[in-house]
Amino acid sequence: MTSAPERTAGKGLASGTLGLWGSTVIGLASTAPVYSLVATLGFVVLAVGAQAPIAFVIAFVPMLFIAFAYRELNNEIPDCGTTFTWGTKAFGPWIGWMGGWGVAVAGMVVLANLSQIAGIYLWSLIGDGSLADNVPLVTATGVAFIAAMTYISYRGVEIGERIQNILLGVQYLVLALFVVLALWKFFDGTAPNPTPFDIAWFNPLGFTDWSGFTEAVLLALFIYWGWDTCLALNEETKDPKRIPGRAALLTTVILLGTYVTVTVAAMMYAGVGEDGSGLANPENADDVFLALKDGLFGPFGWVLIVAVLISAVSSTQTTILPTARGTLAMAAYKALPARFRSVHPRYKTPSFSTLVMGIVASVYYVGMTLISDNILQDSILSLGLAIAFYYAMTGYACVWYYRRELFSSGKNLVYRGILPLLGALMLTYAFVQSAIDMYDPEYGYTVLFGVGGTFVVGIGALAVGVVLMVVWFAFPGSKPFFRRESLNRETEVLVPDEPIAYPRSVDGGI
């Protein structure tokens, strides 16, 4: 295989490493499909019962619309800073900086959660259950997982992509077995609560409770999050302007099919009752798969535990990638100290940013665990705020950046105007509604300052970004950025010069 060409310009990342398949694999791995279903399916069914499938479909709509915004912006500005770079070009340095912070906050919080899940499931697999309740052991294991995945990310996208091919393959194999076994037991009459398929499950007018509907859709939004990793790796992709956007759209469509298929199979097998293995049983809500594994897989129930463990570990590695590249881009345009721009001379990865990401996530995880596991859980519940914040910003940035070209063609109006705007408005509503719900002291696990701890943690995390931005503004090195000298609408972004004769990518490329 021919080695990748030296970059003629840009940030120093390894170009031509990923093709469409590799980008899609990393996008799928970032969403952690098995873990995402484990974490949300039960709660979605609790909120809307048999309307769970249509809830996943409706939540897919804003994700698809924002994916078009990512694709259109990436076609012209294939910069690994994504929301930061696009937001700055569209709205200026202050808003753009906060977009970059939103990406970083989401990554840091979910890394703590994923590493904790990986630790719990590893010891559930090995021990008799008591080891999984040992907080110091689980925490140490989680930190070890973060360290291992940070090292893999440090070594380069190529090794990470090859590992993700295997890990994602295992996840989808187990999900396929889950669906086949669930349907098999439904048709042979051995399912605990066989429930015939009903087309009404897909009726968007079938929701009877508005608050339940909004709760379910907000929960479902979380399980689609992560596909934008495809775009953060655009500068390391074989065709930076074409492949990342296509991979993002392909990822969201595959996820929709995955989640709806598994949900329908689970409902046909276990029903939506509140007793026993029913999907609406509150005792099973936080992990439906654990409640179903023995009935479905018998003595091989451990296979589902392995799949959740692999899903969490896989997503840990892919979550580090976009955050490290986001801070690299911010440093390249002088929105962060120059040290964050360091790229490893051999591995062509954002070395300093990757290490900082791993260290900060570990410190955050350990710190939250020492203070209170309840606060850690509330920080995870608040994750939707950061996600909706920077996704919506990307949608608005697309509309505003292309505002002078929207009416030049029907295609531009739809893909650069109408769809991104609708997606952004939906996510803005999701952000506001989530914040209102989280303000309630009854929401989440803690109460801080008389309001819901989830609200304090979620809004507080974004507020910390404002403080850090002002602090950086006080340093002389920040002036070119805040004076719009290092990055503005006319700035040539720091990406490879075109054309580049890319070699065949590590995954076969397309």
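Start by selecting α14 along with α5 (93-126), α13 (351-371), α15 (383-401) and α17 (453-473): these four are among what covers the buried residues of α14, with contact meaning heavy atoms within 4.5 Å. Helices here are DSSP runs (H or I, at least four residues), numbered from the N terminus. You're looking at a predicted model, where local features need pLDDT of at least 70, side-chain atom pairs count only at pLDDT 80 or more, and totals for chains, interfaces and linings use all residues. Residues are numbered from 1 along each chain as its sequence is written, and side-chain values use heavy atoms, leaving out hydrogens and water.

Now show side chains on α14, residues 373-381. Ile375, Leu376, Gln377, Asp378, Ser379 and Ile380 are its buried ones (under 20% relative accessible area, 1.4 Å probe, protein chains only). At the N-terminal end sits a cap: a side-chain oxygen of Ser372 is 3.1 Å from the backbone nitrogen of Asn374.

Next, jump to α6, residues 135-155. Its 21 residues reach 30 Å from first C-alpha to last, close to the 30 Å expected at 1.5 Å a residue. Asn134 caps its N-terminal end, with a side-chain oxygen 3.1 Å from the backbone nitrogen of Leu137. Buried residues in α6 include Phe145, Ile146, Met149 and Tyr154. Just after α6, click Gly156: its phi is positive, near 135°.

Last stop: select Met426 in α16, residues 410-439. Is Met426 buried or partly exposed? It counts as partly exposed because its relative accessibility is 33%, and partly exposed covers 20% to 50%.

Notes:
Helices (H or I, at least four residues) and strands (E, at least two) are DSSP runs, numbered from the N terminus. A polar contact is a pair of N or O atoms within 3.5 Å; within protein, one must be able to donate a hydrogen and the other to accept it, and residues adjacent in sequence count only if both atoms are side-chain atoms. The expected span of a helix is 1.5 Å times one less than its number of residues.
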